[in-house]
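Student: Could we go through this structure together and check each label against its cut-off? I would like to see the reasoning behind the words.

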Amino acid sequence: MIFCKRKALHFEKYSIIKYSIIPVFIYTIFLAYAADSINAYAAPVTGEDYQAEAEERKALPVQTNEIENWPAGPAIGAQSAILLEANTGVLLYAKNIDEKLYPASTTKLMTCLLAAENSTMDEMVTFSHDAVFSIEPGSSHIGIDENESMPMEECLYGILTGSANEVANAVAEHIAGSMEDFAKMMNEKAAELGCKNTHFVNAHGLHDENHYTSAYDLALIAKAFFQNELLSRIGNTPTHHFEPTDTQPDDFFKRNKHQLITGEIPYEGIKGGKTGYTSDARQTLVTCAEQNGMKLICVIMREESPEQFYDTVKLFDYGFSNFSVVNVKENETNYSIQNANFFNTSNDIFGNSNPILALNPNSYLIMPKTAVFDELDSRISYDTTEENQVAIINYYYHDSYVGTATVDLAKETAAPYEFGAAINPIEEAPAEEPATIIVNIKTILIAVLAAAGLLIVVCVIRSVILNYNIFGGSRAAGKHGRRWWRKRRKDGPDFSSSRFDKFNF
């Protein structure tokens, strides 16, 4: 057992050894003697051997290259590799993606994902004796001592930027109560994400035969990781300054080992990632990059340094150069929904109706640039529980999945000719403004014509009533009669007798 203080071995933070180095020296001699004894029975594997293995791995088959008319992917020295479009889940490049391999420190993506989902960033994480001293001597750490503490956010920087194993242990204990229970949470989360070839036993990724995953499963974990804005930001940090506090007295910097994040190997659109290495896992690497509307996740497993970075660049170049985003609604004709009287939303001011169902305008596919939309096969499913979603249409290019579109209930939107409506119909009107009234011109025209017809009829009837006396004839006839009687009374006999009184006009 090493009795010296663990921080005495962290030369980045201390230039002198606080405690005696004699026990360490003795322990080192013992390890060297043990190694020599082992080497007497087994020849050591040299760097040349590893490079030769990497060259042999370039001949391993790439499964996506077997798809008809699919763009041919590059030959790389990794044992397993994947290129996945994060937003759609479309698989662009696949090489042994289901093979169980050791993830090394890329395990920490899952550790940080659970930490972000089960804590707040200002929670203080205290480092126990087991968290500090259970890691392998010489493994990656940032030199935090027993009983020191840091906020959770600083712990995430320690895990993702410094790949600190003792910090991963402390976070595991803080979240689950013990490192063993945290490993159970990791496996439960992996199953929830759809992982089929994954089993975790620790939070840091140091070698254990029962601690493994696959390139595909690791890509699923990375997909969930990069959906978290905070984790993406921290995971894309080139260098972090750990400032001294009352609970952690040291002032130091840690530089990320991911060369695409630091810019040592420049690449446009890098969104973050995580390195990993053990002698059993060899080099592992997870990286995310975004260009041209595509968000690609690349996983490299079992490669030799520095080729894990150059393999990643090759796969990113392959993905961004050979594939493009295709909007479904702009290209689909088989599932376009026409107007129908029994399938409409409310009318606009001209009486036109909108369909109650519509293809989601934000649904898109990731297609080879050499393919055309009409070449795709589609399969529709009504098995969906999403609100306002009626069906799902999955698209395939030569049986290879290229994306999904949804058929949704159309949202009620303002008519294009609303009077008094806001310029942007999506934004809600301020509460104090009066409600918008939609007017139908057809209805107004019919109402106006009906009113005009009624008015004409009323006028005709009124004219008849005013110009005709039902009981005494018309006014014109009465006027003519009075002139006739005055003439007869002047020229003719006297009609003033009482028998004519009733005809008094």
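Tutor: Gladly. Let's start with a definition: a salt bridge is a side-chain nitrogen of Lys or Arg within 4 Å of a carboxyl oxygen of Asp or Glu. Keep in mind that this is a predicted model.

Student: Then why is the meeting of Arg57 and Glu53 called a salt bridge?

Tutor: The N to O distance between the side chains of Arg57 and Glu53 is 4.0 Å. The cut-off is within 4 Å, so the pair counts as a salt bridge.

Student: What places Arg57 and Glu53 about one helical turn apart?

Tutor: Both belong to helix H2, residues 47–57, and they are 4 residues apart there, which means a separation of about one helical turn.

Student: Is Arg57 buried or exposed, and how do you know?

Tutor: Arg57 has a relative accessible area of 6%. Buried means under 20%, so Arg57 is buried. Its partner Glu53 has 31%. Partly exposed lies between the 20% and 50% limits, so Glu53 is partly exposed.

Student: What makes Glu55 and Lys58 a salt bridge?

Tutor: Their side chains meet at 3.2 Å, N to O, and that value is within 4 Å, so the label applies. Lys58 has 34% relative accessibility and therefore counts as partly exposed.

Student: How do you know that Lys271 forms a salt bridge with Glu290?

Tutor: The closest N and O atoms of Lys271 and Glu290 are 3.9 Å apart, which is within 4 Å, so this pair qualifies too. The pair links distant parts of the chain, with Lys271 in strand S7 (residues 270–278), Glu290 in strand S8 (residues 282–291), and their positions 19 residues apart.

Student: Why are Lys271 and Glu290 called partly exposed?

Tutor: Lys271 is at 34% relative accessibility, and Glu290 has a relative accessible area of 34%. Partly exposed covers the range between 20% and 50%, so the term fits Lys271 and Glu290.

Student: How many salt bridges does the structure hold, and which residues are linked in a network?

Tutor: The structure holds 12 salt bridges. The network links Glu53, Arg57, Arg282, Glu303 and Glu304.

Student: What is notable about the phi of Arg282?

Tutor: Phi of Arg282 is near 60 degrees, a positive value in a residue other than glycine. Arg282 lies in strand S8. At 7% relative accessibility it is under the 20% limit, so Arg282 counts as buried.

Student: Where is Asn388, and what is its phi?

Tutor: Asn388 sits in the loop between strand S13 (377–381) and strand S14 (389–397). Its phi is positive, about 65 degrees, although Asn388 is not a glycine. With 44% relative accessibility, between 20% and 50%, Asn388 counts as partly exposed.

Student: What makes the peptide bond from Ser305 to Pro306 cis?

Tutor: The omega of that bond is near 0 degrees. Pro306 lies in the loop between strand S9 (294–303) and helix H11 (307–322).

Student: How do you know that H3 is mostly covered?

Tutor: Of the 10 residues in H3, 9 are buried, among them Leu109, Met110, Cys112 and Leu113. Buried means under 20% relative accessible area.

Student: Which residues make the contact between H3 and H6, and how do the helices pack?

Tutor: Helix H3 (residues 108–117) and helix H6 (residues 165–176) pack at about 35 degrees, with their axes 10 Å apart. The contact is made by Lys108, Thr111 and Ala115 of H3 together with Asn165, Ala168, Val171 and Ile175 of H6. The crossing of H3 and H6 is left-handed.

Student: Which residues make the nonpolar surface patch, and what makes Ile461 eligible for it?

Tutor: Val457, Ile461 and Ile465 make a patch of about 290 Å². Patch residues need over 30% relative accessible area, and Ile461 has 47%, so Ile461 passes that limit. Ile461 is found in helix H12 (residues 441–467).

Student: And what does the chain look like as a whole?

Tutor: Its secondary structure comes to 13 helices and 15 strands. Buried residues make up 42% of the 505 residues. The accessible surface is about 28400 Å², and 54% of that belongs to carbon and sulfur atoms.

Definitions and conventions: Residues numbered from 1 in each chain as written. Predicted model: local features only at pLDDT ≥ 70, side-chain atom pairs only at ≥ 80, totals over all residues. Heavy atoms only, no water. Patch = residues over 30% accessible without salt bridge, like charges linked within 9 Å, V, L, I, M, F, W, Y side chains within 5 Å. Areas by Shrake-Rupley, 256 points an atom, 1.4 Å probe, with all protein chains shown as cover. Helix = DSSP H or I, 4+ residues; strand = E, 2+ residues; numbered from the N terminus. Buried < 20%, exposed > 50% of the residue type's maximum accessible area, 1.4 Å probe, protein only. Axes fitted to C-alpha atoms, helices over the stretch in contact; angles between N-to-C directions. Left-handed = near helix turned anticlockwise from the far one by under 90°. Contact = heavy atoms within 4.5 Å.
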